[in-house]
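I opened this model to look up a handful of residues and the helices around them. My notes follow in the order I made them.

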Amino acid sequence: MAVDVTNPGPEYLAFWRARHVCTLTTPRPDGTPHVVPVGVTYDPETRLARVITGKNTRKALNILAAGPEGARVAVCQIDGRHWATLEGRATVRTEPEAVAEAVRRYAERYGRTPRPNPDRIVIEIAVDRALGRA
């Protein structure tokens, strides 16, 4: 079910603020999908979804392998019959301020600050499509 990415509605946004484990799907270099559980935050004003991870994780390496334009990815969450997917172009950010902002948002959504990780990066997804039934 398509959702207007410019005006997703209060129920959809509330679903993205509630604590849920999500999945991130990235394309491997051979084109096959790589799906892993992640924590995701979503900023509807900038249409950015963020995933914090280590710089040497397969998900980060898959995005980097796609080149400077990034990779087309999807993040999804489900709770019973309610679900939501955000799609867009993902890039890897390493700047300390971008990583700190992603960690702050993660702590706000998930109620805990992740342990320090000197190899932490953030995957930023420029969301251009939303689907779901929230």
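**Entry 1: V38.** I looked up V38 first and found it in strand β3; strands here are DSSP runs of E with at least two residues, helices are runs of H or I with at least four residues, and both are numbered from the N terminus. The model is predicted, so I note that local features need pLDDT of at least 70, that side-chain atom pairs count only at pLDDT 80 or more, and that totals for chains, interfaces and linings use all residues. Residues are numbered from 1 along each chain as its sequence is written, and side-chain values use heavy atoms, with hydrogens and water left out.

Is V38 buried or exposed? V38 counts as buried, at 10% relative accessibility. The cut-offs are under 20% relative accessible area for buried and over 50% for exposed, with partly exposed in between (1.4 Å probe, protein chains only). I then listed the contacts of V38, leaving aside neighbours within four places in sequence: V21, C22, T23, L24, V51, K59 and Y110. Contact means heavy atoms within 4.5 Å. I also took the C-alpha distance from V38 to T25, which is 10.0 Å for 13 residues of sequence.

**Entry 2: helix α2.** K59 appears again in α2 (residues 58-65), where the buried residues are K59, A60, N62 and I63. They cover an arc of only 160° around the axis, which puts them on the same side of α2; the arc is that of the directions from the helix axis to the C-beta atoms. Which strands do the buried residues of α2 pack against? I found β2, β3 (33-38), β5, β6 (71-79), β7 (82-93) and β8 (120-133). Just after α2, I noted a positive phi of about 105° at G67.

**Entry 3: helix α1.** I repeated the lookup for α1 (residues 10-17) and got Y12, L13, F15 and W16 as its buried residues. Seen down the axis of α1, these fall within an arc of 155°, so they line one face of the helix. An α-helix has 3.6 residues a turn, so residues three or four places apart point the same way. On the face of α1 turned away from the buried side I found the exposed residues P10, E11 and R17.

A18 is in the loop between α1 and β2 (22-27). I have A18 down as partly exposed, with a relative accessible area of 31%. From A18 to R89 the C-alpha distance is 24 Å, across 71 residues of sequence.

**Entry 4: T41 and R105.** T41 lies in strand β4 (residues 41-43) and is buried, with a relative accessible area of 6%. What does T41 touch, not counting residues up to four places away in sequence? I listed L48, A49, R50, R105, Y106 and R109.

I followed R105 from that list into helix α3 (residues 96-110). Its C-alpha atom is 6.4 Å from that of T41, although the two residues are 64 apart along the chain. Apart from neighbours within four places in sequence, R105 is in contact with T41, D43 and R50.

**Entry 5: two loops.** R47 sits in the loop between β4 and β5 (48-54). Its phi is near 55°, a positive value in a residue other than glycine. R47 counts as partly exposed, at 32% relative accessibility.

P118 is in the loop between α3 and β8. At 82% relative accessibility, I record P118 as exposed. The C-alpha atoms of P118 and G54 are 8.5 Å apart, with their positions 64 residues apart along the chain.

**Entry 6: the whole chain.** I counted three helices and eight strands, in the order β-α-β-β-β-β-α-β-β-α-β along the sequence. The radius of gyration is 14 Å, close to the 14 Å that the globule rule gives for 134 residues, so the protein is as compact as a globular protein of that length. That radius is taken over C-alpha atoms, and the rule is 2.2 Å times the number of residues to the power 0.38. Buried residues make up 44% of the 134. Of the contacts between residues at least 6 apart in sequence, 69% join residues at least 24 apart.
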